[in-house]
2 protein chains.
Amino acid sequence: MSAAEEIAKLAKSAFEDSQLVASAERVNALHHIRKALESNKSQILAANREDLQAAQIEVDAGRMSESLLKRLDLDKSDKWDSMLQGISDVADLPDPTGIVSYAKELDDGLELYRVSCPIGVLLVIFEARPEVVVNIAALAIKSGNSAILKGGKESNKTTQLLSQAIATGLSQSSLPATYVQTIQTRAEVASLLALDQYIDLVIPRGSNSLVQNIQNNTRIPVMGHADGLCSVYLDESADVDKAVRVVLDSKTDYPSACNSTETLIVHESLLQSVWPIVGRALLDAGVRLLCDPPTLIALSSLAPQPLNLALAGPSTPSSYRTEHLALTLSVVALPSLPAAVRFINAHSSHHTDAIVAESQAAASAFCRGVDSAGTFVNASTRFADGFRYGFGTEVGISTGRIHARGPVGLEGLVIYKYMMRSTDAKGHVVGDFGAGGKRYKHKDIVAAAVPF
Amino acid sequence: MSAAEEIAKLAKSAFEDSQLVASAERVNALHHIRKALESNKSQILAANREDLQAAQIEVDAGRMSESLLKRLDLDKSDKWDSMLQGISDVADLPDPTGIVSYAKELDDGLELYRVSCPIGVLLVIFEARPEVVVNIAALAIKSGNSAILKGGKESNKTTQLLSQAIATGLSQSSLPATYVQTIQTRAEVASLLALDQYIDLVIPRGSNSLVQNIQNNTRIPVMGHADGLCSVYLDESADVDKAVRVVLDSKTDYPSACNSTETLIVHESLLQSVWPIVGRALLDAGVRLLCDPPTLIALSSLAPQPLNLALAGPSTPSSYRTEHLALTLSVVALPSLPAAVRFINAHSSHHTDAIVAESQAAASAFCRGVDSAGTFVNASTRFADGFRYGFGTEVGISTGRIHARGPVGLEGLVIYKYMMRSTDAKGHVVGDFGAGGKRYKHKDIVAAAVPF
């Protein structure tokens with residue numbers, strides 16, 4: 001058996017063994033993990049400094065970016081404390097498992113319950129930021145899944161000690177110490193991606209190329225998003241002040257986030273009214289505009305000319321398929337709401353798209369017609385986020401259409417099973433039902449939890 | 001553009017165009033389809049007779065099984081009428097779309113709604129039985145998905161006319177006529193399986209080899225089950241009469257169904273008590289038993305000897321991994337409930353497994369410890385079925401752990417999207433929140449439907 005298969009088998013049996021452990025014990029494990037991290041703080045931060053020194057050499061040699069180096073630093077501002085607080089926050093969230101979502105009495109003495117339960121074994125692959133190993137371990141444990149984690153090689157020394165603390169915390173609970181395992185190499189990931197008999201869900205968190213590479217190399221379901229190509233549409237009925245505020249926030253609040261807007265669609269009727277004001281505000285904010293001819297002409301004929309007019313230039317067809325992740329915005333004028341909806345459905349990554357409109361009918365048609373995980377009215381695309389949605393935590397954002405869509409909270413890490421119980425003196429058999437026999441009652445049962 | 005890509009693009013735009021059509025119109029389309037089928041009954045049954053004649057030649061030549069031939073016949077007993085009734089039944093089910101499952105006020109005048117919506121484009125591949133084209137079309141239309149259907153080549157003439165009637169019915173509604181399309185060749189299926197930009201979910205309904213072949217050849221999510229390896233465990237605390245009834249029904253009620261039991265696990269303490277009675281009942285019912293040494297010895301030492309004792313023989317390790325789909329049952333004795341749970345988790349297909357037990361603690365541990373879509377107490381595995389569960393219809397049974405698990409009703413064909421609306425005079429931007437700014441309220445909203 002390969003090393004990867006050994007790890008995967010251990011994860012599966014840790015998951016199976018954990019099914020009889022009460023969910024309160026998972027919360028207990030989280031508290032122990034927090035304590036283990038606290039008591040190993042100095043060693044962990046020392047290992048983190050070693051990772052940082054090695055990374056600094058890479059940066060000096062031009063082989064690593066300064067921003068990647070910064071993400072490695074676990075001692076920066078309140079990162080350590082907020083990592084610990086995150087564990088307690090997740091521990092305090094409601095238990096996502098054991099919730100009954102469907103319950104019927106099928107016959108006298110025959111009850112059916114659909115109850116939420118963990119998915120199984122998660123394989124989570126992420127890059128650079130070492131605290132993610134702790135975040136994800138907390139989410140997996142809270143939701144009852146076992147996990148195999150792979151961080152970036154740049155933070156190997158740090159994640160190794162973080163993982164040891166997690167294992168220490170687990171060993172002080174009734175959960176198996178192998179409930180959360182960490183691997184270090186890409187070769188192990190490649191082997192694990194083939195083991196669909198043990199691994200139930202892959203969650204990649206990182207660059208587009210990481211996510212796409214994983215999607216192309218496994219038949220295990222993948223939850224994640226390869227890109228975030230969001231757009232804002234300024235409807236014929238748009239209010240100019242809302243247009244300026246929503247577009248500016250959607251583009252400039254945090255340009256490298258996946259919920260930032262990359263494309264602005266302007267209704268043709270606004271080319272001489274709302275668009276010049278929005279365009280000027282964008283240029284003033286230092287946003288580079290890639291415009292189609294009508295929107296570019298409308299800008300260049302502005303008087304007085306915007307200071308940063310040089311930032312406006314012509315778009316190409318590929319502009320509208322590009323996730324800029326920077327202060328760059330593609331702009332296009334279209335003749336109607338249906339044209340805008342079609343354009344978005346053809347070009348966006350089905351993540352989040354917003355309309356600025358005073359017309360209720362336009363807002364309603366946009367929200368139904370745009371086939372994305374989030375459709376917003378007069379609100380910034382930047383609201384698409386698990387914390388802002390009120391989930392208490394965020395597992396990731398999914399652009400898939402199966403299981404979980406959009407920002408994903410703990411609910412995305414559970415599925416359900418059906419439990420059935422006969423309390424009849426003779427048990428229940430199917431042969432008693434049907435032609436000439438008994439009929440199914442399908443009577444609703446009110447139950448928050450399975451009573452057995 | 002290839003023919004397959006043309007079909008897939010048409011399906012995607014039919015889906016997108018349908019998003020602004022009221023859901024009542026989908027019910028209307030179903031009624032028109034029923035009428036179109038009724039008025040074309042004689043031509044459809046004539047085409048069906050042609051398919052049957054061609055199939056009879058194949059059967060006579062030994063190239064097709066008699067049972068496949070029978071499944072082709074659309075005029076057998078009440079098949080035609082129940083196909084039509086099925087359309088009306090699906091039409092009458094509650095609309096699975098538009099249901100709000102999460103609603104929060106994020107701020108004064110900023111509302112978030114999670115609302116169920118169709119998945120998109122379904123590719124459904126099935127074998128032989130021509131009426132499935134009508135069943136699946138009804139399910140897809142009712143849930144708001146567009147569909148591409150591929151039936152067995154043996155029923156091509158029949159499904160062609162059924163599809164024409166479906167298109168006729170659709171054209172009498174406001175839905176696009178290309179909402180449901182039918183394809184005829186395997187080559188088209190192969191091409192479509194590569195088009196994940198247009199097709200959102202593949203549903204194979206047929207043999208193990210069909211399902212596995214599809215799972216191995218697409219990165220589109222697949223909903224289905226490759227096999228149904230169900231088991232019954234007779235606990236130490238089992239009641240003998242319940243054991244006999246549940247085991248017999250699980251095995252003999254319909255042996256070729258996926259929810260029939262293939263493996264019986266006997267607690268060692270029952271080898272001289274419950275097991276001989278259950279074994280005798282199985283042999284009397286003509287069930288072939290593949291036994292491990294302890295269960296085989298217990299049977300052969302029975303007095304008086306069971307009439308059909310010759311049906312009992314030794315098992316091999318592969319017996320416990322085999323979906324017999326016939327009157328054959330693999331039997332093994334194990335020393336404890338945990339051993340039985342481990343055996344099931346290692347051998348079953350995670351479809352449905354049952355325990356026969358009087359002990360409440362054993363029942364509870366079994367239901368939690370067995371990692372299957374259905375865990376039943378003193379009830380036959382044959383109850384695992386969408387109609388019996390009360391879904392009103394069944395899309396299929398899923399042995400996956402993502403999205404839908406176990407018997408799947410219309411709910412399995414929907415996902416959700418998040419709609420957000422700001423009614424604030426200035427619209428809503430993220431920049432107003434956070435340090436020194438506004439805080440998210442996350443106040444529950446009670447709403448059955450999105451109010452805009």
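Reader: In which sense do strand β1 and strand β2 of chain A pair, and over how many bridges?

Author: In this predicted model, β1 (residues 100-107) and β2 (residues 110-118) of chain A form an antiparallel pair with six bridges. Within this pairing, A:E105 is found opposite A:E111 of β2(A).

Reader: What is the strand order of the open sheet that holds β1(A) and β2(A)?

Author: The sheet has eleven strands with mixed pairing, in the order β17(A)-β1(A)-β2(A)-β16(A)-β13(B)-β12(B)-β7(B)-β8(B)-β11(B)-β9(B)-β10(B). At its edges stand β17 (443-444) of chain A and β10 (312-314) of chain B; each has a single partner strand, so one side of each lacks a neighbour in the sheet.

Reader: Which helix lies across β8 of chain B, and at what angle?

Author: Helix α13 (residues 337-347) of chain B does, running at about 160° to β8(B). Helix α13 of chain B also lies across β7, β11 and β12 of chain B.

Reader: How should one describe two packed helices?

Author: One gives the angle between their axes and the distance between the axes. For α5 (residues 79-92) and α6 (residues 132-143) of chain A, the axes come within 9 Å and cross at roughly 15°. The helices α5(A) and α6(A) are therefore roughly parallel to each other. Residues making the contact include A:M83 and A:I87 of α5(A), and A:V134 and A:L139 of α6(A). By class, the contact residues are seven nonpolar, no polar and two charged.

Reader: What turn lays chain A on chain B?

Author: A turn of 180°, with a shift of 0.0 Å along the axis, gives an RMSD of 0.1 Å. The two copies are thus related as by a two-fold rotation axis.

Definitions and conventions: Residues numbered from 1 in each chain as written. Chains lettered and ligands numbered in written order. Predicted model: local features only at pLDDT ≥ 70, side-chain atom pairs only at ≥ 80, totals over all residues. Heavy atoms only, no water. Least-squares fit on C-alpha atoms with pLDDT ≥ 70 in both. Axes fitted to C-alpha atoms, helices over the stretch in contact; angles between N-to-C directions. Helix = DSSP H or I, 4+ residues; strand = E, 2+ residues; numbered from the N terminus. Parallel < 35°, antiparallel > 145°, perpendicular 65-115°, else oblique. Contact = heavy atoms within 4.5 Å. Nonpolar A, V, L, I, M, F, W, Y, C, P; charged D, E, K, R; others polar. Pairing = 2+ DSSP bridges.
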